[in-house]
Amino acid sequence: MSTQLTLQAPLVLPPAEVPGYLERLWSEELGSSHGAATFTLVVWEGSWLEQQLVRCGRLDGPITGLLNETVLEAARAAAINCGLPLSTAPMDPQLAWAIGNLGGDHHADDLRGQFVEGAISAHMPRRLITLAPTLDGAKPLETLVAAYCPLPEEGAGGDACGDVVVLRGGTGALRENLDLVQPLISPELPCWVWWNSSLDEAPEVMAALASGNRRLVVDSSLGDPRRCLDLLVARVGAGQPINDLNWMRLRSWRESLAMVFDPPSRRDALNHVVQLDLDVEGDNPVKGLLLAAWLADRLGWHLTATYAVDGDGSGQGIGAEFERTDGQTVRFRQMPVPVGVPKTHPGAMVGLRLICQSSQGSPLCVILCSESGGCMRLESGGMASMELAEEVVPLPNESEEMEMARLLSGGHDSTNPLLAVAAPIAARLLP
């Protein structure tokens with residue numbers, strides 16, 4: 001957390017005593033301090049990659065649940081040792097699974113839930129509840145509580161105090177004790193549920209935590225693509241507020257593409273798109289499909305067909321055909337490409353090519369590339385006869401905690417409307 005005044009140092013309690021203890025803590029022992037009337041944040045903090053790296057002795061620990069450059073460097077080195085492709089992203093669940101097959105029995109302190117990014121702490125959560133599943137599936141449930149206030153010089157005083165609850169143990173123990181969590185979530189305050197792990201794991205736990213009108217935050221780059229997209233579609237259809245960190249990372253791509261067509265001389269070209277090509281890292285297609293779906297929705301394209309496309313040895317791609325509002329066809333192709341140093345999350349964008357062909361004037365080819373990826377592959381194939389607009393997309397290096405803080409600062413008590421319409425189209429694009 002950011003600088004805090006400790007009202008209650010971390011204390012290990014029997015699970016059944018936690019609700020009663022917290023009630024007494026605020027009503028009796030801390031009667032002069034009032035809890036913040038802000039929100040509850042519930043976090044499922046798998047941290048399987050960090051746990052496995054510590055177990056193998058590739059990291060010293062402690063286990064904090066926070067991604068940093070040390071964790072990412074150890075993960076990239078482990079991917080090579082495990083015989084995985086160089087394009088394997090550090091956060092790819094396949095990497096944590098592969099490291100799990102390596103030997104090692106190193107132990108370190110597990111401090112998940114006790115280390116909170118300052119950007120989140122600055123929003124003064126009333127209660128932060130962390131569920132921390134352990135590698136030892138048989139580990140019994142342990143619970144810990146603590147209480148903090150921002151120091152007076154930070155301008156918040158005692159009105160912004162909050163507490164921390166950590167539930168740590170095997171996934172089975174957490175599943176069996178979910179009834180302990182519900183009384184800790186005040187129905188009078190907004191509640192965010194951050195599923196900071198793969199969407200493939202413990203679906204019944206997610207369903208129980210993210211019930212009612214609680215605001216769910218997921219990362220659709222982590223997990224089976226079909227499951228990730230179907231989850232987005234289902235939650236949007238049910239009217240539950242849901243936000244996707246994978247979608248948020250597309251912000252700079254959407255903004256860069258909009259800026260290319262901002263000059264009045266180019267705006268009409270958007271009505272004459274004939275081809276859209278995307279390159280993504282590795283074999284997770286979700287991020288690219290969300291970007292294509294956003295563009296299709298904005299331009300009023302209707303999806304008519306989708307199919308698999310054979311790659312050139314780097315994996316299978318996705319093809320589709322859209323129909324424009326004037327009845328003309330737009331061809332779409334998304335291909336996985338190998339990279340030397342992959343970004344943190346699976347399926348990161350490498351490049352985009354948009355070709356516009358009208359009956360008047362020269363064809364326009366727009367190419368966007370990431371800072372770490374070249375445009376050479378997208379520049380091939382008859383570009384010499386076209387007007388070329390080429391831009392490098394600035395990619396902000398923000399952590400999950402920073403993106404989560406962005407959500408908290410904006411309120412977002414409903415699903416982003418652009419995501420709400422893009423998710424169903426992206427789900428249909430996946431063959």
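Let me begin with one contact, the salt bridge that Glu69 forms with Arg76, in which the closest N and O atoms are 4.0 Å apart. Please keep in mind throughout that this is a predicted model.

If you look at the two partners in turn, Glu69 counts as partly exposed, because its relative accessibility is 45%, and Arg76 is also in the partly exposed class, with a relative accessible area of 23%. That second value stands above the 20% under which a residue would be called buried.

This pair belongs to a longer list, since the search of the whole structure finds 17 salt bridges, and I would like to take you through a few of them.

Let us turn to Arg112 and Asp110, whose side chains meet in a salt bridge with an N to O distance of 2.7 Å. Are these two partners buried or exposed? Arg112 has 0% relative accessibility and therefore counts as buried, while Asp110, at 15% relative accessibility, counts as buried too.

Further along the chain, Asp262 forms a salt bridge with Arg267, and here the closest N and O atoms are 3.8 Å apart. Asp262 counts as partly exposed at 48% relative accessibility, and Arg267 is partly exposed as well, with a relative accessible area of 45%. Besides such pairs, there is a network in which salt bridges that share partners join Arg126, Arg127 and Asp163.

From the charged contacts I now move to the empty space inside the model. As a general point, rolling a probe the size of a water molecule over the atoms shows where empty space is left. How many cavities of 30 Å³ or more does a search of the whole structure find? The search finds three of them, and the largest cavity holds about 140 Å³ of space.

Which residues, then, lie nearest the centre of that largest cavity? They are Val43, Glu45, Phe115, Val116 and Leu128, out of a lining made up of 15 residues. Two elements give two or more residues to this lining, namely strand S2, covering 40-45, and strand S3, covering 127-133. Of the elements, S2 gives the most, with three residues.

Finally, when the lining of the largest cavity is sorted by class, there are eight nonpolar residues, three polar ones and four charged ones, so that, as you inspect the lining in the structure above, you can look for charged side chains as well as nonpolar ones, because Glu is counted as charged and Val, Phe and Leu are counted as nonpolar.

Definitions and conventions. Residues are numbered from 1 along each chain as its sequence is written. This is a predicted model: local features need pLDDT of at least 70, side-chain atom pairs count only at pLDDT 80 or more; totals for chains, interfaces and linings use all residues. Side-chain values use heavy atoms; hydrogens and water are left out. On a 1 Å grid over the protein atoms alone, a cavity is a set of points where a 1.4 Å probe fits but cannot get out, and a pocket is an open set with protein on both sides within 12 Å along at least five of seven lines; lining residues have an atom within 4 Å of a point. Grid points are joined across faces, edges and corners, and a volume is the space filled by probe spheres set on the points. Helices (H or I, at least four residues) and strands (E, at least two) are DSSP runs, numbered from the N terminus. Buried means under 20% relative accessible area, exposed over 50%, partly exposed in between (1.4 Å probe, protein chains only).
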